[in-house]
Amino acid sequence: MRALVTRPREEADSLIAALAIRAIEPVIEPLMEIHRQAPEVLDLDGVQAILCTSANGVRALARASSDRGLPLLAVGDATAARARAEGFGSVESAGGNVGDLARLAGARLHPEGGPLLHVAGNIVAGDLVGLLRAQGFTVERRVLYEARAAGALSPAAVDSLRAGAIAIALFFSPRTAAIFARLADVAGITECCAKITALSISRATDVALAGLPWRDRHIAARPNQLALLDALDQVLGRYREIYRE
């Protein structure tokens with residue numbers, strides 16, 4: 001069995017390992033390329049805590065500052081794991097989306113304790129800054145990287161889709177889902193989705209895929225990779241039942 005992996009390449013390692021455990025061969029097709037901004041030294045003087053909504057933000061932050069002592073609140077477990085790997089000592093995961101992160105910040109931090117720094121890319125999902133300001137926090141957003149959409153699906157991916165060789169497609173954001181839908185249309189392969197089960201990390205991601213004729217669509221119970229893999233396991237269980245019949 002093969003699965004289409006649409007994550008940026010440097011974020012896909014743990015997913016590829018999880019697929020290998022399930023005897024699934026990944027077809028790596030990053031739909032966004034990460035371009036970090038020119039390195040600049042961040043002034044963290046007076047900052048109460050740093051908020052990161054992606055592993056790419058953590059990577060960019062680690063290159064822009066040598067300070068690892070400030071509290072870092074991460075949107076999810078993968079982002080938190082990346083922060084720990086980069087040497088940040090005080091890391092906590094919200095285990096979900098920007099709403100969960102805003103709630104975690106409200107529970108752990110105080111508006112009078114100093115401003116918050118949100119490290120982000122050029123395009124953000126949700127309104128983290130607005131949610132935090134509504135709680136009385138002063139927040140600055142710093143754009144440290146750019147996520148550029150792929151211009152076309154690779155020939156290898158197109159060939160696999162046309163051959164019906166892909167059974168599962170995994171989508172981790174509304175933007176990557178929308179990019180895939182557009183590029184599949186450009187490549188003239190939308191009908192190939194009829195043989196594929198699409199798994200989305202969130203309802204918004206699933207909505208971006210609704211215009212394609214999927215065999216089936218499923219949404220993770222929580223917006224993180226572990227929940228998406230749980231959804232995959234449920235799909236695999238149904239496949240096994242069908243094959244036994």
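**Note on a predicted structure**

1. The side chains of Arg 141 and His 118 make a polar contact of 3.2 Å. This is read from a predicted model, as is everything below. Arg 141 lies in strand β8, which covers residues 139–149. Its relative accessible area is 33%, so Arg 141 is classed as partly exposed, between the 20% and 50% limits.

2. His 118 is one of several residues that Arg 141 touches when residues up to four places away in sequence are not counted. The others are Ala 120, Val 124, Leu 128 and Val 129. A further distance places Arg 141 relative to Ile 50: the two are 91 residues apart in sequence, and their C-alpha atoms are 10.0 Å apart in space.

3. Helix α2 (residues 55–64) holds Arg 59. Arg 59 has a relative accessibility of 7%, and it counts as buried because that value is under 20%. Beyond its neighbours within four places in sequence, Arg 59 is in contact with Glu 10, Glu 11, Arg 36, Arg 82 and Glu 86. That list contains both arginine and glutamate residues.

4. Asn 56 is also found in helix α2. The side chains of Asn 56 and Arg 59 are joined by a polar contact of 3.3 Å. With a relative accessible area of 3%, Asn 56 is buried. Leaving aside residues within four places in sequence, Asn 56 is in contact with Pro 8, Glu 10, Glu 11, Ile 34 and Tyr 145. Glu 10 and Glu 11 therefore appear in the contact lists of both Asn 56 and Arg 59, which are defined by heavy atoms within 4.5 Å.

5. Helix α4 runs over residues 98–108, and its buried residues are Val 98, Gly 99, Asp 100, Leu 101, Ala 102, Leu 104 and Ala 105. Asp 100 is thus a charged residue in the buried set, since Asp counts as negative. The buried residues of α4 pack against three strands, β4 (49–52), β5 (72–74) and β6 (91–93), and against helix α5 (128–133).

6. The N-terminal end of α4 is capped by Asn 97. A side-chain oxygen of Asn 97 lies 3.1 Å from the backbone nitrogen of Gly 99, and Gly 99 is itself among the buried residues of the helix.

7. Ala 23 deserves a look at its backbone. It sits in the loop between α1 (13–21) and β2 (25–28). Its phi is near 60 degrees, a positive value in a residue other than glycine. Most residues other than glycine have a negative phi. At 63% relative accessibility, Ala 23 counts as exposed, because the value is over 50%.

8. As for the whole protein, it has 9 helices and 11 strands. The radius of gyration is 19 Å, close to the 18 Å given by the globule rule for 245 residues, so the protein is as compact as a globular protein of that length. Along the principal axes, the C-alpha atoms fill a box of roughly 60 × 35 × 30 Å.

9. Of the 245 residues, 49% count as buried. Among contacts with a separation of 6 or more, 62% are between residues 24 or more positions apart. The accessible surface comes to about 11,500 Å², and 50% of it belongs to carbon and sulfur atoms. The protein has 27 positive and 27 negative charges, and the mean positions of the two sets are 3 Å apart.

Key. Residues are numbered from 1 along each chain as its sequence is written. This is a predicted model: local features need pLDDT of at least 70, side-chain atom pairs count only at pLDDT 80 or more; totals for chains, interfaces and linings use all residues. Side-chain values use heavy atoms; hydrogens and water are left out. Helices (H or I, at least four residues) and strands (E, at least two) are DSSP runs, numbered from the N terminus. The radius of gyration is taken over C-alpha atoms; the globule rule is 2.2 Å times the number of residues to the power 0.38. Buried means under 20% relative accessible area, exposed over 50%, partly exposed in between (1.4 Å probe, protein chains only). Accessible areas come from the Shrake-Rupley method with a 1.4 Å probe; for residues, only the protein chains shown count as cover. The place of a charge is taken as NZ of Lys, CZ of Arg, CG of Asp or CD of Glu. A polar contact is a pair of N or O atoms within 3.5 Å; within protein, one must be able to donate a hydrogen and the other to accept it, and residues adjacent in sequence count only if both atoms are side-chain atoms.
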